[in-house]
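Me: Could you walk me through this fold? I'd like to go from the overall layout down to single residues.

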Amino acid sequence: MPVDIQTGEIGTTRVFSLSMPTADAQTLQGDTEAQLTLLGATGLNPDGVEVFPLSDLGEIGLAGYLRDGTDVPETNLKRDAAKLAALDGWVMLVHSLAFAGKAMTLTPHPALTLIGTYRQTPSQNPQSEMAAQSARPYTGASGPAAQAPDIRRSKSRAVGALILLAAVILWWAFA
């Protein structure tokens with residue numbers, strides 16, 4: 001069954017169960033090329049795909065991982081709680097990062113079963129315009145560039161002071 005991905009998708013995780021022997025799933029875990037082949041798409045970012053055994057999650061479980069690790073709202077997880085709790089073996093999580101904002105259609109291999117699609121909690125921080133003039137682009141100082149101090153002048157003053165000090169010491173020694 002094809003899975004359509006919309007342009008600009010962010011904050012979404014798709015959970016697939018893996019119907020394959022443990023040895024094959026372990027091999028798949030480290031083989032990003034095989035993961036992309038099983039998903040039936042090209043041009044995916046492998047950093048957006050996770051393959052792991054559910055036993056790695058311990059007591060937190062898959063629902064806890066989705067809630068705490070990917071910020072899926074509790075209401076969405078309650079809806080699928082029985083389905084998520086019934087899973088065992090290995091899963092593949094495909095995050096929006098895998099699609100890099102591009103629209104595409106996945107044609108998953110029969111060994112993959114889509115369990116659910118989970119979206120993150122939308123950000124509650126509204127975008128605001130920057131009011132301060134200094135926060136706007138290209139509003140730096142428009143005058144001439146600051147001049148670096150003339151090091152030669154300060155060095156010559158230091159040398160002069162040392163010569164004067166030597167003269168005073170010599171005068172005092174011979175006086």
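Here is a short back-and-forth on the model, which is a predicted one.

Me: What pattern of helices and strands does the chain follow along the sequence?
Reply: Start with the tally: six helices and six strands. Going along the sequence, two strands come up before any helix does. Written out in full, the pattern is β-β-α-α-β-α-α-α-β-β-β-α.

Me: In what order do the four strands of the open sheet sit?
Reply: The pairings give it away. Strand 3 and strand 4 pair over five bridges, while seven bridges join strand 2 to strand 6. Both pairings are antiparallel, and the full order is 3-4-2-6.

Me: Which strands stand at the edges of that sheet, and why is one side of each left without a neighbour?
Reply: In the order 3-4-2-6, look at the two ends. An edge strand here has a single partner strand, so one side of it has no neighbour in the sheet. The two in question are strand 3 (49–53) and strand 6 (112–119).

Me: How many degrees are neighbouring strands of this sheet turned against each other on average?
Reply: The strands pair in the antiparallel sense, but direction is ignored for this number. On average, the turn between neighbours comes to 20 degrees.

Me: Which residue stands opposite Thr-13?
Reply: Strand 2 covers residues 12–18, and strand 6 runs antiparallel to that strand. So much for the strands; now for the residue in strand 6 across from Thr-13: Tyr-118.

Me: Which helix lies across strand 2, strand 3, strand 4 and strand 6?
Reply: Those are the four strands of the open sheet. The element lying across them spans residues 32–39 and runs at about 100 degrees to strand 3. That's helix 2.

Me: Is Phe-52 buried or exposed?
Reply: Strand 3 is mostly covered, with four of its five residues buried. Phe-52 lies in strand 3, and the cut-off for buried is under 20% relative accessible area. Phe-52 has 7% relative accessibility, so the verdict is buried.

Me: Which residue forms an aromatic pair with Phe-52?
Reply: The count comes to one aromatic pair. That pair is edge-to-face, at 5.7 Å centre to centre and 70 degrees between the planes. Phe-52 lies in strand 3 and its partner in helix 3 (residues 61–70), so the pair ties together parts 13 residues apart in sequence. The partner is Tyr-65.

Key
Residues are numbered from 1 along each chain as its sequence is written. This is a predicted model: local features need pLDDT of at least 70, side-chain atom pairs count only at pLDDT 80 or more; totals for chains, interfaces and linings use all residues. Side-chain values use heavy atoms; hydrogens and water are left out. Two strands pair if DSSP finds at least two bridges between them. Axes are lines fitted to C-alpha atoms, for helices over the stretch in contact, and angles run from 0 to 180 degrees between N-to-C directions. Contact means heavy atoms within 4.5 Å. Buried means under 20% relative accessible area, exposed over 50%, partly exposed in between (1.4 Å probe, protein chains only). Rings of Phe, Tyr and Trp (its six-membered ring) pair if their centres lie within 6.5 Å; planes under 30 degrees apart count as stacked, over 60 as edge-to-face and the rest as tilted.
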